[in-house]
Amino acid sequence: MSPWLTVVGIGEDGFKGLGRNARHALLGASRIVGGQRQLELLPACIRGERQPWPSPFSLEPVLAQRGTAVCVLASGDPMFFGVGASLARQLPAEELLILPAPSSCALAAARLGWPLQEVVSLSLVARPLAALNAQLANGLRLLVLSNDRHSPAAVAGLLRERGFGPSRISVLEHLGGPLERRIDGTADDWQDPAIADLNLLAIDCRASLDAPRLSRLAGLPDSAFAHDGQLTKRDVRAMTLARLAPMPGELLWDVGAGSGSIGIEWMRAHPSCRALAIEADAGRQQLIEHNRDTLGVPGLQLIRGSAPQALAGLERPDAIFIGGGVTRDGVLATCWERLKPGGRLVANAVTLQSEMTLMDWRQRHGGELTRIHVAQAQPLGEFDTWRQALPITLLELQKTQDPICTPSGDVPHA
């Protein structure tokens, strides 16, 4: 099928800045769909019917015209946090023709002299501000698409709160057009000047001396999490996550999530990692919500309830961590049944009863058991001594195939 839908990226310089192919597509389109601002950039010689996006936003006005000559207008590069990416998820590539203009991030990098491959780009358009928390690191450069005119002040406040007040901020408005403007300052002295809704933030991150160092590797300090004592401690957490082995795009179930530390660090491993935190205690649910925002993974989904009942209907995971409740009837069995083939299951035990459950499970299904002993030096009078934390028994195993029931009803080794 030849493309019926052309997505044209248009800049602040309007129709005159478009290439020949983009102009030809607009001249031949029977219908042109876009934001009101983009539609107003077109000259009178464009005869196609102009249709603004509906509110709330929906792709249906475009998809309903399948097979007719339709153009969609988008700002800059439609495949960079744009409507082109949304359409590409709905339509096969052979039905789409994408004609990008320079993205706002490309223009900003050119203005600032920042090599684009060395910059982290992200969007706050209809996204939580808390997502920025995961990106803050001394010396890192960020290009952030603002949601509106209020975003720069909100970002400056967040930087101050997180110990990044010395960071340099540049707000770039109307990039590529006659109204282009740049405003510079630091988060500490940001005065919230009048800013256009269409703006981009460039942040040269500079941490104060007392700012916490939060690595993207597993094993954040325990103090990074608000908790009530129900927390997988730092050293055990690092060992647990090493066995869970997060990979881009994978989904984790954190069963008995407590403060959410395992799911949060799983998601911090890569921007596309996803996690469901299953927790029944209302107080700990609040801690999970606080921790996920503070540590920059607001997309972590909280499932309120107890396993195994709360697991019904959830998307099958690539990995499962059971930090609590292994002795509860049906928890291990349900988790094992729902785990994808090739997936990893890791369960930790502290009590004798939960340890016996893991030993029995290993006897029937295989896997490896590891006993973890961690001791820390603590004062004893005028001297120091080792204080032993409770030992942890860790079970890890990989599912090679979905279990198939035998005629006797037994589940064979998987």
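This text walks through selected parts of the structure, from an annotated domain to the nonpolar cores and a hairpin. The model is predicted.

Start with the record. An unreviewed UniProt entry carries the annotation "domain: Tetrapyrrole methylase" for residues 5-188. In the model, the end C-alpha atoms of that span lie 47 Å apart. Helix makes up 24% of the span, and strand makes up 24%.

Now look at one residue inside that range. Ser123 sits in strand E6, which runs over residues 120-123. Is Ser123 buried or exposed? Ser123 counts as buried because its relative accessible area is 5%, and the cut-off for buried is under 20%. Its side chain takes part in polar contacts. The side chain of Ser123 reaches the backbone nitrogen of Val125 at 3.1 Å. A polar contact of 3.3 Å also links the side chains of Ser123 and Arg127. Leaving aside neighbours within four places in sequence, Ser123 is in contact with Phe81 and Leu145.

Leu145 leads on to Asn199. Not counting residues up to four places away in sequence, Asn199 touches Leu145, Ser146, Asp148, Arg149, Pro152, Val171, Leu172 and Glu173. Asn199 belongs to strand E10, residues 199-204. Asn199 is buried because its relative accessibility is 7%. One of its contacts is polar: the side chain of Asn199 reaches the backbone oxygen of Asp148 at 3.3 Å. Pro152 is another partner. Asn199 and Pro152 are 47 residues apart along the chain, yet their C-alpha atoms are separated by 8.8 Å.

Next come the cores. In soluble globular proteins, nonpolar side chains tend to be buried together. The largest nonpolar core in this model has 28 residues. Which of them touch the most other members? They are Phe225, Leu244, Leu252, Trp266 and Leu300. Several elements give two or more residues to this core: helix H7 (234-244), helix H8 (261-268), strand E12 (274-279), strand E14 (319-322) and strand E19 (392-398). H8 supplies the largest share, four residues. A second, separate core has 25 residues, including Ile278, Ala307, Leu311 and Leu397.

Take Phe225 from the first core. Apart from its neighbours within four places in sequence, Phe225 is in contact with Leu220, Leu231, Arg237, Ser261, Ile264, Glu265, Asn291 and Leu295. Among these partners are Ser261, Ile264 and Glu265, which are also buried residues of H8.

How many residues of H8 are buried? Eight of its eight residues are buried, and the helix is mostly covered. They are Ser261, Ile262, Gly263, Ile264, Glu265, Trp266, Met267 and Arg268. Polar residues such as Ser261 and Glu265 are thus on the buried list too. The cover over these residues includes H7, strand E11 (251-255), E12, helix H9 (282-294), E14 and strand E15 (344-349).

Finish with a contrast. Strand E18, residues 383-388, is hardly covered. Among its six residues, the count of buried ones is zero. E18 does have a partner. It pairs with strand E17 (residues 375-380) in the antiparallel sense, over six bridges. One bridge joins Pro379 to Asp384 in E18. Together E17 and E18 form a hairpin, with two residues between them. Gly381 lies in the turn and has a positive phi of about 65°. So the tour ends on a hairpin strand with no buried residues, whereas H8 is mostly covered.

How values were computed: Residues are numbered from 1 along each chain as its sequence is written. This is a predicted model: local features need pLDDT of at least 70, side-chain atom pairs count only at pLDDT 80 or more; totals for chains, interfaces and linings use all residues. Side-chain values use heavy atoms; hydrogens and water are left out. A nonpolar core is a set of buried Ala, Val, Leu, Ile, Met, Phe, Trp, Tyr and Cys residues joined through side-chain atoms within 4.5 Å. Buried means under 20% relative accessible area, exposed over 50%, partly exposed in between (1.4 Å probe, protein chains only). Contact means heavy atoms within 4.5 Å. A polar contact is a pair of N or O atoms within 3.5 Å; within protein, one must be able to donate a hydrogen and the other to accept it, and residues adjacent in sequence count only if both atoms are side-chain atoms. Two strands pair if DSSP finds at least two bridges between them. UniProt positions are given in the numbering used here, feature names are shortened, and annotations may be inferred rather than shown by experiment.
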